[in-house]
Amino acid sequence: MTAVLQLLLVVLTAPLLLGVITRTKAIVAGRRGQPLLQAYYDLGKLLRKETVLSSTTTWVFLAGPAVAVVVPLLASLLLPLAGPRAPLAFTGDLILFVYLFALSRFFTTAAALDTGSAFEGMGVAREITFAALAEPALFFGLLALARISGSLSLSQLLTVDGTSWHKASAALVLIIASWFIVLLAENSRVPFDDPNTHLELTMIHEVMVLDHSGPAFGLILYGSALKLFVFSALIADVALPRTGNPLIDAAATLGAVLVIGVVIGLVESSMARLRLVRVPQLLIAASLVAGFAVVLVLR
Amino acid sequence: MPPIADSILILLLLTNFFILGTANLRSAIRGVALQGLLLGVLPFFVESQATVRLVLLVIATAAIKGVVIPGLLMKALRDVHIRHEVEPYLGFVPTLFLCAAGTALALLFADHLPLAAADRTGLFVPASLATLFSGFLGLTTRRKAISQVTGYLVLENGIYVFGLLLYQSMIVEVGVLLDLLVGIFVMGIVLNHIQREFSSLDTERLSHLRE
Amino acid sequence: MSAILVIVGVALCMASGLPSLVTRRASVVTTVLIVAGGVTGLIGAVLGLTWGTAGLSLPWHIPGGALAIRVDALSAFFLAPVFLLAGAGGLYADRYWPAARMRAGYVRAFFGLMAGALALVMCAANTILFLAAWEVVAVSSFFLIATEHEQAESRSAAWIYITASHVATLALFAIVVLLHGVTHTWAFVPLAAGTGAIPVGQALLCLAFIAFGIKAGLMPFHIWLPGAHAAAPSHVSAVMSGVGIKMGVYGLVRLLSLFDAVPSAFGTTLLLAGIASSILGVAFAIAQHDLKRLLAYHSIENIGIIVTGLGIGVVAQTHGQPLLAVLGYAGALLHVWNHGLFKALLFLSAGAAIHSAHTREIDRMGGLARRMPWTAAAFLIGAVAITGLPPLNGFVSEWLLYVAGFTSITGSPHGGPALILVLVVPALALTGALALACFVKAFGTVFLGAPRSEAASDASEVPATMRAATVPLILGCAAIGLLPALFGPLLSRAVHAAAPRLPMPATFTALLQPIQDSALVIAGIAIAAVLTLLAVTRRAATALTWDCGYAEPTSRMQYTASSTARGVVGLFGWAMRPVIHAPRPFTLFPSAAAFESHVPDTVLDRALLPALRGARWVLGFARYFQHGRMQLYLLYLGVTLVALLAWSAR
Amino acid sequence: MAVSLIIVPLIGALAAFLLPSDRQRPWIVAIVAVLHLALAAAVIANGEAGLASEWLRFDALGRLVLLIVSTLFCICALYCIGYLRLRAERPNRIFCTALLFFLAMTSLVAFAQHLTILWVAMEATTLATAVLLYFNQNQRSLEATWKYLMIGSVGIALALLGTLFLAYGARLGIGEPTLLFRDLVKGAAHLPAPWVRTAFVFLLVGYGTKMGLAPLHTWKPDAYGEAPGVVGALLAGGMTTCAFLALLRVYRIADAAGQGVFARQLLVVFGLLSMATAAAFMVGQRDFKRLLAYSSVEHMGILVLGIGIGGAGIFAALLHTVNNALTKGVLFLAAGNIHRAFKSKRLEDVTGALRRLPISAGLFLAGFFAITGSPPFGPFVSELSVLTAAMDRHRYVVAALYLILLAVIFIGMGSTVLAVVQGVPPEDAEGRSFRESAFKTVPIIVSLALVVMMGVWIPGWILTLLHAAARLLGGS
């Protein structure tokens, strides 16, 4: 029951998040902006288009989009979005959660290299470098949470209740801050990347998908929406207390995720892209913040 | 009787100094010959009754050590037309000092060796050690192959002196064997070859094999 | 039973090369023999792992020696991959190094010898036999590395290898003799209680760290490894890297199993050394241009992971956290299997690529996936596995170590000593991410995109036997990845043999079940998704999709491996000190210029070799003592005499 | 019958001297060698009762040394056939005569029970080997011979003096200046300590010079470097073994006289010093025959080190004597082939031997691994046993130094050996003439086979012989 509810929640409302972000940015910039559901329209359009494949590519080129969609869905099953317990929960699932995204990164980057175009290569180089820096931050946060909750399963890990807020509020705040930076990096938002520009030299994620078209490209778009949603949900889970009622919890999650979307929008409209050389520094800072959280809980 | 033996041994030591001190190869060889003769007569004063063996030993020693080998050396010296200077690595004076020091050490060392009552007074042990040592000096400080041979002969004489202490057992003769080795081998043949190959007996020429 | 099978397998492997030495035409016999040996031994190992300990002993006419083997769970656990890889490698070699090629008999003979001796090391019950087999492996691998000794590169690789390995052997001499000193027997028997606390025990542990560290290629003892694995024929590299360096791990585990209590400090040392070599190993790997050197540095990384696991085990055991210890040992041991499988798979497929593209330079390959799809798929599977991604085997062992790390933070009290194990988590995270970067680069540059050289574009798929050799490895990777729960019991037996005094928590095997379920789910859905997408776009138009404004995009415009790696290399510049040669064009019409960069091995090229040169210079002064003048030589005689007389007169 | 072990070679020597033909003479050597080996086998088989005189007798030690020398000589003699055929331009009358004389004298050393006979025999070997060294008759070999003779004679002279001292000690202690081992050992308790100590020092320096213990080894590199490979083998495997036997005899007396501790101290010092010297000179050695000379110095060091450690070390040392002799045979003969083929022994000219002389170079490489103590070769066992002995006697520092020096030596020796065998041979027509005939390779292969045998399956009777010899020296 919760599983179905949760899947529906993710599958249906993920693109909405993109809409919220763009709308927020538009409002801040004083424009009317696209309709909230623009992302859905784009997906529909792309799925109807035909695919053109580069002559150098192999099946790996298509494996990228496929995995990019499958992985966030699977990952979302590990999160308790509706109700206290995730559909897929066991000791050590938090590691699986992180490694699923690694899997998708492997295939999306491989797919990008499959085209043999210089720009994809550039994107891949950046993606893999920055991911290597983001990973420790994620794990530090998980370590701190594990210490707080004394459990190795995301379901207990993320259902943070008042006592632990009261016990280790500082650590939790640090974790949320650090993970928010990771979220921005992983989903290639400003200040790490600018999804709107199509100037190759400034791009990380966009530049890797230049050669995709039609349904494949649609899947990529949808996959990145899912990924963004799952990450936001992760952070939301840390912040939110749980009632135990699936519907209420689901609603709460959605609300929180959308709020995060608004925040992302505000960030994007309030600051510019970093120079690429500065990106690693910011990510390392995120790792340090999370590491400091670990130190706090171990104290 | 020991007094005479001792005085001969003293002479022996003096010849050591002479051999190390002289600047002329010829006289060095003469010194060796003299030592040979001295050693030749020495047995008479060690062993009282004159047996055939004694006589033979005396004759053999005197002949080989005193005549044959020095003769061979002289011949070699004549054959190879080299200058008759000794040409030491280490100057004469320091050599003599070292020789003196060695003799003193020999005396010291000999004292800590227990001796049979008969030999306790005698100079045999220190004399032989001292001669050994001066032989070493000759070997290590001289440049010409011939003068090294003389050094070796002196070293042997030292051993021979000690051998006389064991006159009863037949070991002394073994010392003479050693002479045959050197006499015939080292000089007779090898010097010859060296002379032929290098047209010189300067051991400087014999230092190509090295690291 | 198992012991007999194992010894038969050993004998078959060792003898397999001899026919080829006699005549070229017998190379088929060799292949049959070694495959048969591999299968027999594998069966024996599996029996030993399932049925329990078996032994076998024959007399041996040398002092202290006995031809005694003992197949307990630990030995069997290490034997299994040895025989598997021996068989696969032998099969692969049949066409990879055809009988017509130069030194075919030589390669076959030494390969069989090495494989057999390797198996013997893993099951020897007599320390002198262990030592002998150990050294036979070392020497025969030396000859294999030096196969193409006409090239200076393989000469120096072989030389560095044999030197390092001999130092290890001498340390092992000391270990064996010390063991004999404390146990008064030449067999592996448990040491008296408290040996770990007394000097002899500590000496043993230090020597073990050196000997086994060198053999396993643990940083900073890894100097010999990259060159050696690059120079050897690929199937040899597969065995050397897949199981050869495990000799060190086996020795370490075997020795630790004899102690009743190992000092915690030793565990911490293992932990830190392991972490260091895992992170730096992968960092150096990213910087390599040579496909086999790249894989070699990954061996350093994986050995690091294994040793980290052992470190966890030791530390946790001394601080009385059985579950944690078991997780550590189990992760380490399982990773021994996994690394054996996927590293061999990678070397064999890399060998196939090199075989067809006639180069080891990554930047001269490219686009091979279209020309040799099977090899590409095999390499991809290996890459996914070694990166530790679900749903393949690498993930399972790394997952165990992660769980250990997390358990240490949830399970230990405030300021508990085991908290140092927390370091494992970020270390593994960084290692994993970097490994991913490295293999995306390697796979992408070698197999994807457009060919970067004539040879690469003319490449064609390798013969069937070479492909067949990879099948068992692929199956192994998949089996452990998808059905880990199946291997749980075997694993716990091996762990029990590795740490006999460790109480085995019942919860352990249960841990693996959910992993198995989720792995199956992931595999199912992912494959389904890929297939559907392929079906959807089956008749898609193909064109030159994006030429980025260039009318004529050439393959040289592709992103090179070096530039892909540049970011990471930059991050680790402090440790790697890359040598970059970048001429700056400053005139108005700059002449043609070439950019090049390479990363020397810091420990070897910047520390060890200069030190050795210095030592040699110092020893050079000894020459003055042997400079030709006989007078001087006689003086030595005299001086010695006088000195000794003085001594005697004391 | 045992005396025939000396008579037969002497007769052979005479025959070789009288025979006019240079082509047939080597066959005499070979035949005599085989005959000698057969006789030796017979003698060893029926033990003590070969000939039981006061002065000449076969105790276990003697039998062991006889076995080593006779085997090695047989191998070398067979090799000589091929070698002398290659050097047909040289008259070999003196050479062959000296070879057989050498054999006779070494046999004499093996069963001399009287210090003087022992000394005379050692002396005689010096002469014989001097002749052998000078086979090439050029300036370099002459210099080598000269140095060898001079240093050797001084050493032998000192040994004589030591012998005399011992005799004098006997005269004081026992009453009559006997030099029979049996009497000396029996009455050792009464020998005055100063004389024993002094005598031991002189004998150690004397016979140590013949063995080539550092710093008395200085003649070795020159001699081994300039001598033909076969002579090198005989020196490094045969003569040094005899000198070692002499030293052992003396050690036995000193030990019985209660000076064991003192003697062992000296031996340990000499052993480590020799290994260290060898190590220092092997690193960066450009001449592979001199390299072998230093390797010989190293292994003489290991031998005396084993004795110096005592206990199980004595057995280990004796075992290593066998292994060292056989392995040195392999190394020197193979090196000789390489030297002949490349007409040089310097690394500058010699590379890629494996390409030009697959068999000889392979054997050379195998010999290298053998001598550095890799299984399945004999030295692995004996070098490990030495280490074991050191640890059992709690000589941890000695053991550590031993291991470190072994490591350095491996590095030094390996870099040279590998440079010789690996790589691409220089393209010069000269030396192409050399062919690896059966006579030049089979003996080496046999020798290597024996080394392997000593490493994988030591025959029982050799073990018993070794144990008997060790017990003779008060070892276990």
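Which residues of α21(C) are buried? Hi everyone, let me start there. This is a predicted model, so please keep that in mind as we go.

The buried residues of α21(C) are C:Pro484, C:Phe487, C:Leu490, C:Leu491, C:Ser492, C:Arg493, C:Ala494, C:Val495, C:Ala497 and C:Ala498. You'll notice that an arginine, C:Arg493, is in that list. The helix itself covers residues 484-498 of chain C, so 15 residues, and from first C-alpha to last it reaches 20 Å. At 1.5 Å a residue we would expect 21 Å, and the value is close to that. There is a bend, though: α21(C) turns by about 30° at C:Leu490, and C:Leu490 is itself one of the buried residues.

Staying in chain C, let's move along to α23, residues 561-571. Its buried residues are C:Ala561, C:Ser562, C:Thr564, C:Ala565, C:Gly567, C:Val568 and C:Val569. And what do they pack against? Within chain C, the partners are α12 (264-286), α18 (424-447), α24 (573-576) and β5 (596-598), and from chain A there is α5.

Have a look at the loop between β3 (541-543) and α23 of chain C as well, where you'll find C:Met557. It has 16 C-beta neighbours inside 10 Å, and therefore C:Met557 counts as partly exposed. Its C-alpha is 9.6 Å from that of C:Arg452, although the two residues are 105 apart along the chain.

Now, α5(A) takes us to the contact between chains A and C. Here 64 residues of chain A touch 62 residues of chain C. On the chain A side, the elements giving two or more residues are β1 (52-54), α3 (60-77), α4 (93-114), α5 (118-149), α8 and α10 (279-298). The largest share is from α5(A), with 18 residues. By class, that side of chain A has 42 nonpolar, 15 polar and seven charged residues.

One of those elements, α8(A), also meets a helix of its own chain. The axes of α1 (residues 2-29) and α8 (residues 214-239) of chain A come within 8 Å and cross at roughly 95°, so α1(A) and α8(A) are roughly perpendicular to each other. From α1(A) we have A:Val10, A:Ala14, A:Pro15, A:Leu17 and A:Leu18, and they meet A:Tyr222, A:Ala225, A:Leu226, A:Leu228, A:Phe229 and A:Ser232 of α8(A). That contact has ten nonpolar residues, one polar and no charged.

Let's turn to chain D, which also touches chain C. In this case 44 residues of chain D are in contact with 38 of chain C. On the chain D side, two or more residues come from each of α6 (139-173), α8 (193-211), α10 (229-282), α15 (378-392) and α16 (396-421). The most come from α16(D), which gives eight. The classes on that side are 29 nonpolar, twelve polar and three charged.

Finally, let's see what α16(D) does inside its own chain. Its axis and that of α14 (residues 358-371) of chain D come within 10 Å and cross at roughly 170°, which means that α14(D) is roughly antiparallel to α16(D). The residues making this contact are D:Ala361, D:Phe364, D:Leu365 and D:Phe368 from α14(D), with D:Met413, D:Gly414, D:Val417 and D:Val421 from α16(D). They divide into seven nonpolar, one polar and no charged.

That's my tour, thanks for listening!

Key
Residues numbered from 1 in each chain as written. Chains lettered and ligands numbered in written order. Predicted model: local features only at pLDDT ≥ 70, side-chain atom pairs only at ≥ 80, totals over all residues. Contact = placed C-beta atoms within 7 Å. Helix = DSSP H or I, 4+ residues; strand = E, 2+ residues; numbered from the N terminus. Nonpolar A, V, L, I, M, F, W, Y, C, P; charged D, E, K, R; others polar. Axes fitted to C-alpha atoms, helices over the stretch in contact; angles between N-to-C directions. Parallel < 35°, antiparallel > 145°, perpendicular 65-115°, else oblique. Expected span 1.5 Å × (residues − 1). Bend = angle between axes of the 7 residues up to and from the residue. Buried ≥ 20, exposed ≤ 12 C-beta atoms within 10 Å, placed from the backbone.
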